[in-house]
Amino acid sequence: SLRGYITLCDAILVPAASEPKKGASHTVDMVPGGYGERAWTRLEAMSMYAVSVLKQIEAPEIWVTAGDGGSFLEKFDYVMKHLPSTGEVFDKKDLEYIKGHEEAFMKQIEGSVRRNGYIAKHG
């Protein structure tokens, strides 16, 4: 499953369609090529964030690469402006699977807040 796979990852590498514009925000919703628009890629980023919360890591390792030979490689931040299930899908049947993961991650994040009074301990 996606959740099981992400727990084994230390980072994710996102291939972008092009390099971000100079001065553009380094957040996953701004990755060139629609990464922040698609439900599956939103879920991927949310998964990495949720796992970092559970591991009490300050921020997920989400790296974006672009350009000839991957000449652009920089870390991007996770932001949850929109839930994965509100993103674009090619097959509407995927939404049930995406919502299942989304709900499981949200429960774990909310549980962390109830137990600890915060999402993740920083530093």
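The exercises below work through the fold, the surface and the aromatic pairs of one predicted model.

In this predicted model, local features need pLDDT of at least 70 and side-chain atom pairs count only at pLDDT 80 or more, while totals for chains, interfaces and linings use all residues. Residues are numbered from 1 along each chain as its sequence is written, and side-chain values use heavy atoms, with hydrogens and water left out.

**Exercise 1. Describe the order of helices and strands, and decide how compact the chain is.**

Begin with the elements, which are DSSP runs numbered from the N terminus (helices are H or I with at least four residues, strands are E with at least two). The chain has 3 helices and 3 strands, and along the sequence they follow the pattern α-β-α-β-β-α. Next, compare the radius of gyration of 15 Å with the 14 Å that the globule rule gives for 123 residues; the two are close, so the chain is as compact as a globular protein of that length. Here the radius is taken over C-alpha atoms, and the rule is 2.2 Å times the number of residues to the power 0.38.

**Exercise 2. State what share of the residues is buried, and how contacts are spread along the sequence.**

Apply the cut-offs for relative accessible area (buried is under 20%, exposed is over 50%, partly exposed is in between, with a 1.4 Å probe and protein chains only). By this rule, buried residues make up 38% of the 123 residues. Then take the contacts (heavy atoms within 4.5 Å): among those between residues at least 6 apart in sequence, 64% join residues at least 24 apart.

**Exercise 3. Classify the pair Y49 and Y78 and the pair F72 and F76.**

Rings of Phe, Tyr and Trp (its six-membered ring) pair if their centres lie within 6.5 Å, and planes under 30 degrees apart count as stacked, over 60 as edge-to-face and the rest as tilted. The structure holds 3 aromatic pairs. In one of them, the ring centres of Y49 and Y78 are 5.0 Å apart and the planes stand at 20 degrees, so this pair is stacked. The pair links distant parts of the chain, since Y49 lies in helix α2 (residues 39–54) and Y78 in the loop between β3 (72–76) and α3 (94–116), 29 residues apart. Y49, at 21% relative accessibility, counts as partly exposed, whereas Y78, at 16%, counts as buried. For F72 and F76, the centres are 6.5 Å apart and the planes at 80 degrees, so that pair is edge-to-face. F72 counts as buried at 10% relative accessibility, and F76 counts as buried at 0%.
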